[in-house]
Amino acid sequence: MDNCIFCKIVRGEIPCYKVYEDDEILAFLDISQTTLGHTLVITKEHFDNFLFVPKDLLTKAISVAQRVAQSQVASLHASGNNIIINTNEVAGQTVMHFHIHVIPRYSSNDNLRLEFTPNAIEKLNLPAVANKINKNL
Ligand code: AMP
Ligand code: ZN
């Protein structure tokens, strides 16, 4: 994709701090460095987001993400990691080229804020919701 910033990184037209590379996958430091070592794992081929990535490439990307997460613990002494995939604008995706955030965590007071606010589940028809999702798997 001509104007995709991550495709430009893959082609070497924009610099990056490379963490890992093979024929299909590239990992590099996220420019925001939400926490030190925040890394993005991408497929070299352009897919707009998670929903469109073929299964074999997804497997390879998540496997690299796991290795990066393990190395963040081993090399940067992170206490844990958040693995985040934002899919579409509504979920905070700003670069429309599939990527996995691998974010090392050093303390619960660092720069990353993630909040899962509970819903009032007694008002929800959860069996119907589970069924609806199940139907299209
Ligand atoms: P998302 O909001 O999930 O689409 O994340 C996109 C991420 O790409 C953000 O965390 C940005 O900081 C990061 N980003 C954007 N441009 C670059 C770049 N040139 N090099 C490294 N990371 C970038
Ligand atoms: Zn792209």
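**Exercises on strand β5, two loops and the ligand shell**

Ile42 stands opposite His99 in β5. The exercises below refer to a predicted model.

**Exercise 1.** Determine in which sense β3 and β5 pair, and over how many bridges.

*Solution.* Begin with the facing residues: Ile42 lies across from His99 of β5. The pairing of β3 with β5 is antiparallel and comprises 4 bridges.

**Exercise 2.** Identify the bridge partner of Asn81 in β5, and state how β4 and β5 pair.

*Solution.* Asn81 has Pro104 of β5 as its bridge partner. Between β4 and β5 there are 5 bridges, in the antiparallel sense.

**Exercise 3.** Explain why β5 is described as largely enclosed by the rest of the structure.

*Solution.* A residue is buried if 20 or more other C-beta atoms lie within 10 Å of its own. In β5, 5 of the 7 residues are buried, so the strand is largely enclosed by the rest of the structure.

**Exercise 4.** For Gln33 and then Asn88, locate the residue, give its phi and assign its exposure.

*Solution.* Gln33 belongs to the loop between β2 (25-29) and β3 (39-43). Although Gln33 is not a glycine, its phi is positive, at about 45°. Gln33 has 13 other C-beta atoms within 10 Å and is therefore partly exposed.

Asn88 is found in the loop between β4 (80-84) and β5 (99-105). Its phi is also positive, near 75°, in a residue other than glycine. Asn88 counts as exposed because it has 12 C-beta neighbours inside 10 Å.

**Exercise 5.** Describe the residues around ligand 1 by class.

*Solution.* The residues around ligand 1 include Ile5, Ile14, Cys16, Asp30 and Gln93. The shell consists of 6 nonpolar, 5 polar and 1 charged residues.

Notes. Residues are numbered from 1 along each chain as its sequence is written. Chains are lettered from A and ligands numbered from 1 in the order in which they are written. This is a predicted model: local features need pLDDT of at least 70, side-chain atom pairs count only at pLDDT 80 or more; totals for chains, interfaces and linings use all residues. Helices (H or I, at least four residues) and strands (E, at least two) are DSSP runs, numbered from the N terminus. A residue is near a molecule or strand if its C-beta atom, placed from the backbone, lies within 6 Å of it. Ala, Val, Leu, Ile, Met, Phe, Trp, Tyr, Cys and Pro count as nonpolar, Asp, Glu, Lys and Arg as charged, and the others, Gly among them, as polar. Two strands pair if DSSP finds at least two bridges between them.
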